[in-house]
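Subject: The structure I promised you

Hi there,

Here is the structure I said I would pass on. Please open it alongside this note, and I will walk you through what turned up.

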Amino acid sequence: MTAPAIPGWPGVAASAALVALAALLAARARLGLTADMLVAAARALGQLVAVAAVLAVVFAHGGVPGSLAWIAVMVLIAGHVAARRARGLPRAPSVATLAVAVATVVTVATLVVSGVIDTRPHVLIPVAGMVVSGAMQATALTLTRLREEVETARPQIEARLSLGLDAAAAFAPHARTALRTAMLPAVDATKVVGLISLPGAMTGLILAGVEPLTAIRYQIVVMYMLLAAATLAAVTTARLARTALFDEAHRLHELPAPPSR
Amino acid sequence: MSQAGFVLEGVGLRRGGAQVLTGLSAHLPRGCCTLVTGPSGAGKSSLLRLLNRLAEPCAGRILLDGRPLDGYDPLSLRRRVALVAQQTVLLTGSVARELAVGCPTLDAERAAGLLERVGLGASFLSRSTEGLSGGQAQRLGLARALATDPEILLLDEPTSALDAAATGLVDDLLTAFVAGGGSAVLVSHRTAHTRRLAGHALVLRAGRLAETGDPAGLRYLGPS
């Protein structure tokens with residue numbers, strides 16, 4: 001095993017030259033993104049320093065309660081971010097937050113109960129972070145696609161309703177379409193893992209000096225859990241969104257016009 | 001004593017932020033065909049959506065046979081009060097499956113009978129819905145609604161895509177439906193030919209009731 005290849009702060013400062021290069025290119029191409037890129041880079045630095053400082057405290061003193069509190073905050077933020085993709089869908093923030101929460105709790109609990117991971121904060125928090133992130137992407141995609149389906153397929157949905165079908169049956173074909181689209185990235189990522197890119201967990205372990213044949217074991221677990229998290233999040237989102245889209249008389253709510261971009 | 005059929009009491013409807021119907025009070029009796037007509041944008045189609053409970057009034061109330069519409073189970077109400085929209089939206093790839101959307105237990109014999117009633121013929125039963133003309137799709141939409149065995153038919157311009165022969169056939173079907181104890185609410189611009197089908201009429205203008213009564217006596221419809 002080799003020593004971990006972790007850059008020092010001078011190395012981090014040097015890597016800022018890449019941000020300067022990117023900002024210069026954006027400015028020359030008049031993309032109007034230069035300020036955004038510089039702010040994003042500065043924000044990333046600030047956020048990561050702050051997160052690392054808090055994580056250090058949680059790792060040292062937080063134990064399981066601290067880990068769970070951290071995970072809860074991640075879930076709340078992820079739900080908020082995912083819901084922004086679906087403005088106008090009724091109760092989108094609560095739907096998204098609950099979907100991310102269900103996916104996270106079921107996936108992480110399964111990993112802990114089956115002994116795949118332990119509950120030390122430095123294991124639980126990063127693993128849950130990956131799960132929350134995967135669930136958030138699937139939730140956002142599902143909400144976006146559901147909104148598009150409701151907008152474009154209202155005549156079909158109402159044609160089924162007018163024939164006496166209930167909301168679940170009238171919405172099922174459209175929920176399936178939305179779910180397929182939302183889950184494809186997770187399925188595709190699982191298919192091509194290692195072939196097109198070396199995924200994050202495996203890359204991190206290899207950079208830290210772990211043998212590739214050992215690193216892939218962690219990555220396999222990560223891919224499987226992300227597949228499960230995305231599926232759980234998407235299915236939960238579709239189920240909860242349906243109850244928010246229809247009223248008790250099986251009528252499809254009117255949606256406000258989509259936000260202008 | 002409660003009146004049979006639909007009774008609207010000061011009904012208002014908003015859609016997309018706009019007031020579509022305002023203070024609409026009317027009686028749509030059982031046992032006849034009620035013609036609903038008026039200029040474009042008068043709220044005629046919206047009225048049918050209210051009667052099928054696809055839309056909810058923002059004011060007033062609607063009664064069916066003396067009982068508030070929201071007191072009925074919405075799913076069974078929509079089978080009893082079938083809506084045939086102006087634009088037929090086909091939902092499946094085959095005529096047979098299309099007919100069964102609202103009636104999964106529909107057998108082939110009854111399906112063939114429904115197709116005969118709308119003038120498509122039993123041979124359509126084995127056909128795909130791809131390639132159906134607008135008029136054929138419109139008649140399939142009517143047959144699909146009839147499959148739920150409704151008591152009341154809500155028809156939104158049901159002959160807009162039909163030629164004269166097919167229009168006559170749908171007229172005959174409606175006449176027979178009403179003669180058999182059914183009721184119909186027919187939204188139509190084609191007042192000349194629908195007048196003879198209708199025993200009662202409403203004229204809407206800008207979301208309000210402009211006239212109501214015997215079609216023969218309504219100014220909007222002109223002299224018979």
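Helices H6 and H8 of chain A run roughly antiparallel to each other, because angles over 145 degrees count as such and this pair packs at an angle of about 160°. H6(A) covers residues 167-192 and H8(A) covers residues 212-245, and their axes lie 9 Å apart. The crossing of H6(A) past H8(A) is right-handed. By class, the residues of this contact come to 16 nonpolar, two polar and one charged. If you want to find the contact on screen, look on the H6(A) side for residues including Ala167(A), Phe171(A), Leu179(A), Met183(A) and Thr190(A). On the H8(A) side, the partners include Met223(A), Leu226(A), Leu227(A), Val235(A) and Arg242(A).

Please keep in mind that this is a predicted model. The model scores ipTM 0.91 and pTM 0.83. For chain A the mean pLDDT is 90, with 95% of the residues at 70 or more. Chain B also has a mean pLDDT of 90, and 97% of its residues reach 70 or more. Within chain A, confidence is highest in H3(A), at a mean of 96, and lowest in helix H7 (residues 200-207), at 83.

A second helix pair

H3(A) also takes part in a helix pair that I think you will enjoy looking at. Helix H3 (residues 92-113) and helix H4 (residues 121-152) of chain A have axes that come within 9 Å and cross at roughly 140°. Which word describes how H3(A) and H4(A) lie to each other? They are oblique, since an angle has to be over 145 degrees to count as roughly antiparallel. The H3(A)–H4(A) crossing is right-handed. Residues of H3(A) in this contact include Ala92(A), Ala96(A), Val100(A), Thr104(A) and Leu111(A), and they face a set in H4(A) that includes Val127(A), Val131(A), Met136(A), Thr139(A) and Leu143(A). The contact is made up of 14 nonpolar residues, three polar ones and no charged ones.

H4(A) also holds Gln137(A). Gln137(A) is buried, because 23 other C-beta atoms lie within 10 Å. Gly79(A) sits 58 residues from Gln137(A) in sequence, and the two C-alpha atoms are 10.0 Å apart in space.

Chain A as a whole

Stepping back, chain A has eight helices and zero strands, so to speak one α after another along the sequence: α-α-α-α-α-α-α-α. The C-alpha trace spans about 70 × 55 × 35 Å along its principal axes. Of the 261 residues in chain A, 33% count as buried. Among chain A contacts between residues at least 6 apart in sequence, 73% join residues at least 24 apart.

One more residue to look up is Ile216(A), which is in helix H8 of chain A. Is Ile216(A) buried or exposed? Ile216(A) counts as buried, because it has 21 C-beta neighbours inside 10 Å. His80(A) is 136 residues from Ile216(A) along the chain, and their C-alpha atoms are separated by 32 Å.

Where the chains meet

How many residues of chain B are in contact with chain A? There are 18 of them, and they touch 15 residues of chain A. Helix H2 of chain B (residues 74-80) gives the most to the chain B side, with four residues. That side divides into eight nonpolar, five polar and five charged residues.

Two backbone oddities

Two residues have a positive phi although neither is a glycine: Arg30(A), at about 50°, and Glu157(B), at about 45°. Arg30(A) is in the loop between helix H1 (9-28) and helix H2 (34-84) of chain A, while Glu157(B) is in the loop between strand S7 (152-156) and helix H6 (164-179) of chain B. Their surroundings are worth a look too. Arg30(A) counts as exposed, because it has 8 C-beta neighbours inside 10 Å. Glu157(B) is buried, because 20 other C-beta atoms lie within 10 Å.

Happy browsing, and best wishes from this end of the corridor!

Key:
Residues are numbered from 1 along each chain as its sequence is written. Chains are lettered from A and ligands numbered from 1 in the order in which they are written. This is a predicted model: local features need pLDDT of at least 70, side-chain atom pairs count only at pLDDT 80 or more; totals for chains, interfaces and linings use all residues. Axes are lines fitted to C-alpha atoms, for helices over the stretch in contact, and angles run from 0 to 180 degrees between N-to-C directions. Angles under 35 degrees count as roughly parallel, over 145 as roughly antiparallel, 65 to 115 as roughly perpendicular and the rest as oblique. A crossing is left-handed if the near helix is turned anticlockwise from the far one by less than a right angle, and right-handed if clockwise. Two residues are in contact if their C-beta atoms, placed from the backbone, lie within 7 Å. Ala, Val, Leu, Ile, Met, Phe, Trp, Tyr, Cys and Pro count as nonpolar, Asp, Glu, Lys and Arg as charged, and the others, Gly among them, as polar. A residue is buried if 20 or more other C-beta atoms lie within 10 Å of its own, exposed if 12 or fewer, and partly exposed in between; C-beta atoms are placed from the backbone. pLDDT is the predictor's confidence in each residue, from 0 to 100.
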